Amino acid sequence: MTAIDYRHAASVPQPSRLARVGLWLRDHRRAIMAMQWAVVLIYAVLLIGPAVLPLPPSGAHIWNNLTLLAQFLFWGVWWPGVLISMLVFGRLWCGIFCPEGALSEFAARHGRGRATPRWIRWRGWPFAAFVMTTVYGQLISVYQYPLPVLVILGGSTAAAIAVGYMYGRNKRVWCRYLCPVNGVFGLLSKLAPVHFGVDQQQWNAPVQRPEAMQPFTCAPLVAVKTMKGASPCHMCGRCAGFRDAVELKSRRPDHEVVHVAGETASHWDSLLIITGLIGVALGAFQWSASPWFVTIKQALAGWLIRHDTIWPLEHSLPWFMLTNYPGRNDVLTLLDATVLLSYIAAATAILSLGVSLPLALAVRLVGRWQWQRFHHLAHGLIPLAAAGVILGLSSMTVTQLRADGFALGWIGTARFWTLAIAVMASSWLLTRILGRYASGLRQVVASGAAILSVTAPLVGWWLLFWHW
Ligand code: SF4
């Protein structure tokens, strides 16, 4: 596609500096594709390299062992960095850098191009895939060993290529419907201060310049004409300038959550925010540090021994089903797995209730019960949910860096302020959302009730980072 020369388009206002960035993305597809292939290469080295090497010997460090370096980069830099980038740039990562998206789209360019079947378009996938991946990752110790990383991340990439090959010509069917982090990215990007905005009036108006009618392909299948938020958009820039109606713009970070999410929110969003990102994720980050986990396990083991049932304490499963590294003295038995799953399930149930009840009370305080309002209100907790996942992921790296001799005395303060800022942001969003349904004293009282929903997750993080 050739660049549009705006100097000769007298009737079209000059694009802003930000809009020019969007147009740059549209006009430099080759540079972007080169970058995507570079990221694919780095990803492949970090994924496959450690899997074919022996496990790191004792005394190895991140600066002299590829496996430890890859662990540090994946869980300490890559994933927290990608999550933070969603809050700042929207899903720019997906459209410009993601190796899985690039491979899936490449496969779709050369594949069968079949219609997407209904089971793929099921709206529950973002929640189900996130929960399944998180729990499976815990069972096989994905943060500690390279083969589980290969199974989970590599398996996801292989599936992305296969889906791309089968369905949707030049499209990213995988990214749109099945990617395990699609839902999480979609939620976090609602807070981004930039997005591709569509001017409906301009879209419907007669087009003055033929250059503005150049067709484009929206790989993640967004209905660009009616797009209102940043959630589904991969920020690839291919639609920038179309009909002179699409433009990269700045916006208030609370705009989409307060003014757009109310129309689009569904129970799947609430499930992902409350049950997935707050409940399952906190339970998954917490269990290995929890003294309750040990107490319950010992009590159950004693009970089993007294009843002559020893096999759950002795048997494990292959490493791709359950952590099994006898050489490292790291084996999860069937009893361990049962307690682990029960712990995550119990933490999820307690946190989900602890968050949902105050939100439900707030909904009731501003009028009669409406599920749509509850789902809208759940969006107010996105900052806290995001902070939790970022802190949880980086805690693996903190442990790793401490083991390598780095003094991280400031980490407690950094965690405190991250959670404090997230709580303030969530409180602001909850109050603003409730302002759409009530005003005056009703809004104040309902906001107080809604803000109580941050208590349960905060207690969970306090236990993990400061108490245990
Ligand atoms: S709407 Fe589609 S084409 Fe436009 S920037 Fe977003 S992902 Fe790209």
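Reader: Why is Asp 336 called buried?

Author: Happy to explain! In this predicted model, the relative accessible area of Asp 336 is 7%. Buried means under 20%, so Asp 336 fits the term.

Reader: What makes the meeting of Asp 336 and Lys 297 a salt bridge?

Author: Their side chains come to 3.0 Å, N to O. The cut-off is 4 Å between a side-chain nitrogen of Lys or Arg and a carboxyl oxygen of Asp or Glu, so this pair qualifies. Asp 336 lies in helix H15 and Lys 297 in helix H13, so the bridge ties together parts 39 residues apart in sequence.

Reader: And why is Lys 297 called partly exposed?

Author: Lys 297 has 27% relative accessibility. Partly exposed is the range between under 20% and over 50%, so that is where Lys 297 belongs.

Reader: Why do Glu 263 and Lys 228 count as exposed?

Author: Glu 263 is at 55% and Lys 228 at 52%. Exposed means over 50%, so the word suits both residues.

Reader: How do you know that Glu 263 forms a salt bridge with Lys 228?

Author: The closest N and O atoms of Glu 263 and Lys 228 are 3.6 Å apart, and the limit is 4 Å, so the pair counts. Glu 263 lies in helix H11 and Lys 228 in the loop between H10 and S2, so this bridge joins parts 35 residues apart in sequence.

Reader: What makes His 234 buried?

Author: His 234 has a relative accessible area of 4%; the cut-off is under 20%, so buried is the right word. Its place is in the loop between helix H10 and S2.

Definitions and conventions: Residues numbered from 1 in each chain as written. Predicted model: local features only at pLDDT ≥ 70, side-chain atom pairs only at ≥ 80, totals over all residues. Heavy atoms only, no water. Helix = DSSP H or I, 4+ residues; strand = E, 2+ residues; numbered from the N terminus. Buried < 20%, exposed > 50% of the residue type's maximum accessible area, 1.4 Å probe, protein only.
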